[in-house]
Amino acid sequence: MIDLKKLQQEIYQNKVAKGFNVENVYIELEFLHGELAEVFKAYQRDLPELDEELADVAIYLLGLAEILKIDLETEILKKTEKNKNRKVERLPNGVILHEKKV
């Protein structure tokens with residue numbers, strides 16, 4: 001299993017070493033948005049670089065988490081448990097009508 005916290009720190013250190021932004025959160029959010037748009041485009045066009053574009057999204061997300069001093073691994077685990085306990089009602093086509101609080 002991957003150590004997400006360690007990877008998060010390595011991504012941040014690489015940004016620092018290469019002189020990339022590690023201070024302006026707005027810029028990082030814009031880059032993250034751009035990378036997600038590239039995933040969408042690659043998926044839509046069935047391009048072979050879809051996997052690499054998705055990896056870019058994860059890298060930007062982990063870097064942003066480190067900038068914000070958020071332990072993303074811990075937050076993902078907490079959110080996954082929360083999602084496991086959610087009850088939802090769906091239409092036959094899969095559309096969620098509403099979420100029931102447990």
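Helices (H or I, at least four residues) and strands (E, at least two) are DSSP runs, numbered from the N terminus. The model is predicted, and local features need pLDDT of at least 70, side-chain atom pairs count only at pLDDT 80 or more, and totals for chains, interfaces and linings use all residues. Residues are numbered from 1 along each chain as its sequence is written, and side-chain values use heavy atoms, with hydrogens and water left out.

**View A. Surroundings of Gln8 in helix α1 (residues 4-18).** With a relative accessible area of 0%, Gln8 is buried (buried means under 20% relative accessible area, exposed over 50%, partly exposed in between, with a 1.4 Å probe and protein chains only). A polar atom of the Gln8 side chain lies 2.7 Å from the backbone oxygen of Ile70. This pair is a polar contact, meaning N or O atoms within 3.5 Å; within protein, one must be able to donate a hydrogen and the other to accept it, and residues adjacent in sequence count only if both atoms are side-chain atoms. Apart from neighbours within four places in sequence, Gln8 is in contact with Leu62, Ala65, Glu66, Ile70, Asp71 and Leu72 (contact means heavy atoms within 4.5 Å).

**View B. Tyr60 in helix α3 (residues 50-67).** Tyr60 counts as partly exposed, at 23% relative accessibility. Not counting residues up to four places away in sequence, Tyr60 touches Lys15, Glu28, Phe31, Leu32 and Glu35. The C-alpha atoms of Tyr60 and Ile11 are 8.4 Å apart, although 49 residues separate the two in sequence.

**View C. The salt bridge of Glu28 and Lys15.** The closest N and O atoms of this pair are 3.0 Å apart. Glu28 belongs to helix α2 (residues 25-44) and Lys15 to helix α1, so the salt bridge ties together parts that are 13 residues apart in sequence. Glu28 and Lys15 are both buried. The structure holds 4 salt bridges, each defined as a side-chain nitrogen of Lys or Arg within 4 Å of a carboxyl oxygen of Asp or Glu. Side chains of opposite charge can pair when their charged atoms come close.

**View D. Helix α4 (residues 72-84) and its salt bridges.** The 13 residues of helix α4 should span 18 Å at 1.5 Å a residue, and the end C-alpha atoms are 18 Å apart, in agreement; the expected span is 1.5 Å times one less than the number of residues. At the start of α4, a side-chain oxygen of Asp71 comes within 3.3 Å of the backbone nitrogen of Glu73. Lys78 forms a salt bridge with Glu75, with 3.2 Å between the closest N and O atoms. Lys78 and Glu75 are 3 residues apart in helix α4, about one turn of the helix. Glu75 is partly exposed, its relative accessible area being 35%. Glu81 and Lys84 also meet through their side chains in a salt bridge, at 2.9 Å from N to O. About one helical turn separates Glu81 and Lys84, because they are 3 residues apart in helix α4. Glu81 counts as partly exposed at 43% relative accessibility, and Lys84 as exposed at 57%.

**View E. A nonpolar surface patch made by Leu91, Val95 and Leu97.** The area of the patch is about 240 Å². Patches are made of residues with over 30% relative accessible area and no salt bridge; like charges are joined within 9 Å, nonpolar side chains (Val, Leu, Ile, Met, Phe, Trp, Tyr) within 5 Å. Accessible areas come from the Shrake-Rupley method with a 1.4 Å probe, and for residues only the protein chains shown count as cover. Val95 is found in the loop between β1 (87-90) and β2 (96-100). The relative accessible area of Val95 is 42%, so Val95 is partly exposed.
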